Amino acid sequence: TDFITGQTLTAAQICPLYARCFGPAISFLPDVSSCDGTPYNFYGQQINATGTYYKTFTDSHGCDSIIGLNYSLHSPSSYSYSDVVCNGSQYLFNGQLLLQNGIYTDTILNSYGCDSVITLSLSFDSLPAISWQTTNDTVLVNALPILLSGGTPAGGIYSGDGVSGNMFYPDSAGVGTHVITYTYSDSLCSNMASK
């Protein structure tokens, strides 16, 4: 009412009226996050837990202003896994070429900007031992199809010119020298023998 009747109010009189109508002015600092748990000094208050913090300031006229801060505390993360590859293979681990069994680690930044330690336990599996004994090494081009057999362990695949399934068709291969391969794969690795 004093304002309506023309009386000039002081800053000390205006601030409480404004605060009752609109609340005190709040401004936020840029968000802060930490990975190592080091306390953050927020106007003398040491904070080390995720949350929103406020500090109220009063000026010489009695007006309040509030500073807010969103603080996030994140932890370094870790991830471990193991893998097995075939002997003689190369394994690429975060840009590092690995050639032997071992435990390997690398540190990258996670989505919060904190260290993320990755640990790999790597094993190289031996190739399956295979052999292939054949009795024929020379055939006539117009000979009957030849059953391919003798590859061990059993269950492998024969391939090459004139080969279909486990049969060699000389007329399909044509005149000349042809390489036939027996390939055996276990659950992880494969090996081959050729004639």
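**Exercise 1. Find what joins C86 to C189, and give the handedness of the link.**

Solution. Step 1: a disulfide joins C86 to C189, with an S to S distance of 2.1 Å; a disulfide is a pair of cysteine sulfur atoms within 2.5 Å. The model is predicted, so local features need pLDDT of at least 70 and side-chain atom pairs count only at pLDDT 80 or more, while totals for chains, interfaces and linings use all residues. Residues are numbered from 1 along each chain as its sequence is written, and side-chain values use heavy atoms, with hydrogens and water left out.

Step 2: the torsion about the S-S bond is -120°, and the link of C86 and C189 is left-handed.

Step 3: C86 lies in strand β7 (residues 77-86) and C189 in the loop between β18 and β19 (190-194), so the disulfide ties together parts 103 residues apart in sequence. Strands (E, at least two residues) are DSSP runs, numbered from the N terminus.

Step 4: C86 and C189 are both buried. Buried means under 20% relative accessible area, exposed over 50%, and partly exposed in between (1.4 Å probe, protein chains only).

**Exercise 2. Describe the disulfide of C35 and C114, and state whether each cysteine is buried or partly exposed.**

Solution. Step 1: the structure holds 2 disulfides. In the one formed by C35 and C114, the sulfur atoms are 2.0 Å apart.

Step 2: the S-S torsion of C35 and C114 is about -85°, so this disulfide is left-handed.

Step 3: C35 sits in the loop between β2 (32-34) and β3 (40-42), and C114 in the loop between β10 (102-109) and β11; the two are 79 residues apart.

Step 4: C35 has a relative accessible area of 25% and is therefore partly exposed. C114, at 0%, is buried.

**Exercise 3. Locate S116 and list its contacts.**

Solution. Step 1: S116 belongs to strand β11 (residues 115-125).

Step 2: its relative accessibility is 10%, so S116 counts as buried.

Step 3: leaving aside residues up to four places away in sequence, S116 touches S77, D106, T107, I108 and N110. Contact means heavy atoms within 4.5 Å.

Step 4: the side chains of S116 and S77 also share a polar contact of 3.2 Å. A polar contact is a pair of N or O atoms within 3.5 Å; within protein, one must be able to donate a hydrogen and the other to accept it, and residues adjacent in sequence count only if both atoms are side-chain atoms.

Definitions and conventions. Helices (H or I, at least four residues) and strands (E, at least two) are DSSP runs, numbered from the N terminus.
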